[in-house]
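Reader: Let us walk through this model by question and answer. Please keep it brisk.
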Amino acid sequence: MILDIKDGKPHNVSLRNMNFSDLNPLLLGYEYCLPGKSFGPRRRSYTIIHYVVSGKGSLVKDGILYPVTAGQAFILRPGETSTYKADEKDPWVYHWVALDGRLSERFKELDHVFSLSSKITQEMLECDGMDLLEYRITELLFKLYIELFGGKAKRHHYISRVEGYIKAAYMYPLRVEDIAKDLIQLYAKR
């Protein structure tokens, strides 16, 4: 697939709806946006994740403006009305994937704008024209799901433990070494 068409038009990959129950890819594409190009307001019946490759823009939901830059993603959830717009001076280039399925409910836990370290959407686009396309895209959706949610419980537990330590010892001088010792003791017991 040619990913450098800079005509300001969306480029879609043709996907068949396979009605997979857990994560089901519906739409996939990319766009080199023209300065100031906006989309919306619009409400959708499925989840869409846009990954910003370069440039910047903004997302508006419930009257709140969220700036979005390269390396970040923004999510459009079912039932929410949103508008998004490319920057006038540095318009964004983004990839998107739309999905539904039982596990897509978990995406409601994400912030409206979040960092995404991988280029999974690029990998999805590179699958265009391959055999079993929808299965390959679904495999990459699970990879994205693992990236976004795989380590969250452990990180949250560490953060909760540190917050608890600080709250319990706020009246004493706090040192990073003491917090680290507390965490080491906790996990040495496991």
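Reader: Leaving aside neighbours within four places in sequence, which residues is Arg77 in contact with?
Author: This is a predicted model. Neighbours of Arg77 within four places in sequence are left aside here. The contacts of Arg77 are then Arg44, Tyr46, Lys61, Phe107, Lys108, Leu110, Asp111 and His112.

Reader: Is Arg77 buried or exposed?
Author: Arg77 sits in the loop between strand E7 (72–76) and strand E8 (81–86). Buried means under 20% relative accessible area. Arg77 has 7% relative accessibility, so the residue counts as buried.

Reader: What is the strand order of the open sheet of six strands?
Author: The pairing in this sheet is antiparallel. E1 and strand E10 (113–115) are the edge strands, as each pairs on one side only. From one strand to the next, the twist averages 25°. The order is E1-E2-E9-E4-E7-E10.

Reader: How many bridges join E4 to E9?
Author: These two strands run antiparallel. Thr47 stands opposite Leu99 in E9. The number of bridges joining E4 to E9 is seven.

Reader: What angle does the direction of helix H2 make with that of E2?
Author: Helix H2 covers residues 133–149 and packs on the sheet. It touches E1, E2, E4, E9 and E10. Its direction makes an angle with that of E2 of about 85°.

Reader: Which residues lie nearest the centre of the largest pocket?
Author: The largest pocket holds about 280 Å³ of space. Its lining has 11 nonpolar, two polar and four charged residues. Of the 17 lining residues, those nearest the centre are Pro10, Phe39, Arg42, Tyr84 and Trp96.

Methods: Residues are numbered from 1 along each chain as its sequence is written. This is a predicted model: local features need pLDDT of at least 70, side-chain atom pairs count only at pLDDT 80 or more; totals for chains, interfaces and linings use all residues. Side-chain values use heavy atoms; hydrogens and water are left out. On a 1 Å grid over the protein atoms alone, a cavity is a set of points where a 1.4 Å probe fits but cannot get out, and a pocket is an open set with protein on both sides within 12 Å along at least five of seven lines; lining residues have an atom within 4 Å of a point. Grid points are joined across faces, edges and corners, and a volume is the space filled by probe spheres set on the points. Ala, Val, Leu, Ile, Met, Phe, Trp, Tyr, Cys and Pro count as nonpolar, Asp, Glu, Lys and Arg as charged, and the others, Gly among them, as polar. Helices (H or I, at least four residues) and strands (E, at least two) are DSSP runs, numbered from the N terminus. Buried means under 20% relative accessible area, exposed over 50%, partly exposed in between (1.4 Å probe, protein chains only). Contact means heavy atoms within 4.5 Å. Two strands pair if DSSP finds at least two bridges between them. Axes are lines fitted to C-alpha atoms, for helices over the stretch in contact, and angles run from 0 to 180 degrees between N-to-C directions.
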